[in-house]
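Hi,

Here is the structure I promised to pass on. Have a look at it first, and my notes follow underneath.

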Amino acid sequence: MYMITILIITILIPTVKLIRPTIKLTFIPDEKYMSIHQQIEIKCEILNPNERTDSAQLWYVDLITGKHTAISRHLLISPTSDSPDVFKNNKNKRYLYEGKNHIRIRSLQTEDSAKYECNCPDCEESLGSQSRNLDVMKLSTPIWSIEPGWPLHEDTKTIIRCQVENFYPYVGHKILRNHQEITNEGKSSLSNNNIYPQKFTWEATIKPTADWHNSTIYCNVLQGNTEQQASKVLEVLFAPRFIKCNESQYIDPKKNQSTIECSFSGNPQPTLIWFRQTDKKPLLSDNNGGIIINIKNESYGKYKSILTLNKNKLISMPITKIINGQGNKTDENYYQQLLNDGFSVQLNVNGIDKGKRIINIVRDVNQIRSLSSNSSMIISFSSMLLSFLLILHIHQR
């Protein structure tokens, strides 16, 4: 029994010596960022003290000056003239003394943001220190501004600026156009890095293209643990243009309904007018349903005009040709005439012609493939010729 006791004491004594005093700074609740009107308790203590350990000390540290002020009952009840303002303005008793190195703050305000430090300045053995920021959030919504004016103009230098004021604390930001990040395309600035109020600005100089029209820019600013966002849909004025309007388009002669189409863009929206090649007269949707013209808005200032032909209804319309002043019926019908002569389209803005295309109708799908193949061969040959000339030029130098 005596030997067992000696063995236990031998094991325990080194273990006890290993448990040394440590500093602990506690925030309750343990949250990185606090909201206005929340309540918090701050406590500084020494864990595992021994007979030679002195008392811990809780300090209030000013975020601007770095000045340390010891927390005590006297500071909260009778602050001196050089005490921090939050303690001199403690008339409504928001700061409560809960015990030595232990305070409670009710109804938090942005001015309560500070650093708190816990150490033991009089301890014989240095225990180090712990410090932590009390950050009370003040949220504010960002605002977009555009210079020199609205709407934007294609290829014109424009400043887009996101700004947010009177908030705290700044954590980060991200700028997007639609789903693409453009943060690095601009510059940002922040006033007052660690105190309230803060002011954040991000701006970029751009030359918007037609692709910017109807796109949305987002400004996301992370304030504490909350992201505040501003968004703005851009309007860009740009000249009308054809996107795709093939000069040869296929119509299956076996089908009753066939379509041909042209894609175009522009802002303000241009008008696309279909014409008969026969007499250059414009085509309109008719009540009979023989011809139907639809405009499809594909967003971002892009449109598609679709011309639908109803074979059965158009084929029943005879054609009368004027020969020597006499109207003579022909065997050709209106449907055949449209397909034989083809179509033309015109982009029009306020009665002004902004471009034309001629469309020939192909009734054999192999002709379309052949045309496509020939175009590819021409492009390929052009590329090879350009490469050869470039090599020849380098060799001659």
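**What I found**

Of the 397 residues in the protein chain, 37% count as buried. Bear in mind that this is a predicted model. The chain has 6 helices and 28 strands. Among contacts with a sequence separation of 6 or more, 61% are between residues 24 or more positions apart.

**The five-stranded sheet and helix 5**

One part to pull up is an open sheet of 5 strands, in the order 11-19-21-24-23, with mixed pairing. Strand 11 (152-153) and strand 23 (291-297) are the edges; each has a single partner strand, so one side of each is left without a neighbour in the sheet. Further in, strand 21 (residues 257-267) and strand 24 (residues 302-310) run antiparallel and are joined by 9 bridges. If you want a residue pair to find your way by, T259 has T308 in strand 24 as its bridge partner.

Helix 5 lies across strand 21, strand 23 and strand 24, and it runs at about 135° to strand 24. The helix covers residues 334-341, and its buried residues are Y334, Y335, Q337, L338 and L339. As background, an α-helix has 3.6 residues a turn, so residues three or four places apart point the same way. Both ends of helix 5 have something to look at. At the N-terminal end, N333 acts as the cap, with a side-chain oxygen 3.0 Å from the backbone nitrogen of Y335. After the helix comes G342, which has a positive phi, near 85°.

**Strand 13 and its partners**

Strand 13 (residues 170-177) runs antiparallel to strand 17 (residues 216-223), and 7 bridges join them. Within that pairing, H173 has V221 in strand 17 as its bridge partner. Strand 13 also pairs with strand 14 (residues 180-181), again in the antiparallel sense, over 2 bridges. There, L176 is opposite E181 in strand 14. Strands 13 and 14 make a hairpin with 2 residues between them, and N178 in the turn has a positive phi of about 55°.

Now for a residue in the loop between strand 16 (198-206) and strand 17, namely S215. Is S215 buried or exposed? Its relative accessible area is 0%, and the cut-off for buried is under 20%, so S215 is buried. Its side chain makes a polar contact with the side chain of R177, at 3.5 Å. Leaving out residues up to four places away in sequence, S215 touches R177, N178, K232, V233, L234 and Y300.

Two of those names come up again with rings. R177 lies over the face of W212, 4.3 Å from the ring centre. K232 has its charged end over the ring of W150, 4.7 Å from the centre.

**Aromatic pairs**

How many aromatic pairs does the structure hold? There are 8. One of them is W144 with W202: the ring centres are 6.2 Å apart and the planes stand at 90°, so the pair is edge-to-face. This pair links distant parts of the chain, with W144 in strand 10 (residues 143-147) and W202 in strand 16, 58 residues apart. W144 is buried, with a relative accessible area of 10%, and W202 is buried as well, at 1%.

Elsewhere, ring pairs link F27, Y60, F87, Y95 and Y116 into a cluster.

**M34**

Last stop is M34, which lies in strand 2 (residues 33-34). M34 has a relative accessible area of 0%, so it counts as buried. What does M34 touch, not counting residues up to four places away in sequence? The list is P29, Q39, I40, L108, L134, D135, V136 and M137. M137 on that list is 103 residues from M34 in sequence, yet the two are 6.0 Å apart in space, C-alpha to C-alpha.

**Where to start**

If you only have a few minutes, I'd open the view on S215 and its side-chain contact with R177, then go to R177 over the face of W212. After that, try helix 5 lying across strand 21, strand 23 and strand 24, and finish with the edge-to-face pair of W144 and W202.

Cheers

Terms used:
Residues are numbered from 1 along each chain as its sequence is written. This is a predicted model: local features need pLDDT of at least 70, side-chain atom pairs count only at pLDDT 80 or more; totals for chains, interfaces and linings use all residues. Side-chain values use heavy atoms; hydrogens and water are left out. Buried means under 20% relative accessible area, exposed over 50%, partly exposed in between (1.4 Å probe, protein chains only). Helices (H or I, at least four residues) and strands (E, at least two) are DSSP runs, numbered from the N terminus. A polar contact is a pair of N or O atoms within 3.5 Å; within protein, one must be able to donate a hydrogen and the other to accept it, and residues adjacent in sequence count only if both atoms are side-chain atoms. Two strands pair if DSSP finds at least two bridges between them. Contact means heavy atoms within 4.5 Å. Axes are lines fitted to C-alpha atoms, for helices over the stretch in contact, and angles run from 0 to 180 degrees between N-to-C directions. Rings of Phe, Tyr and Trp (its six-membered ring) pair if their centres lie within 6.5 Å; planes under 30 degrees apart count as stacked, over 60 as edge-to-face and the rest as tilted. A charge sits over a ring if NZ of Lys or CZ of Arg is within 6 Å of the ring centre and within 35 degrees of the ring normal.
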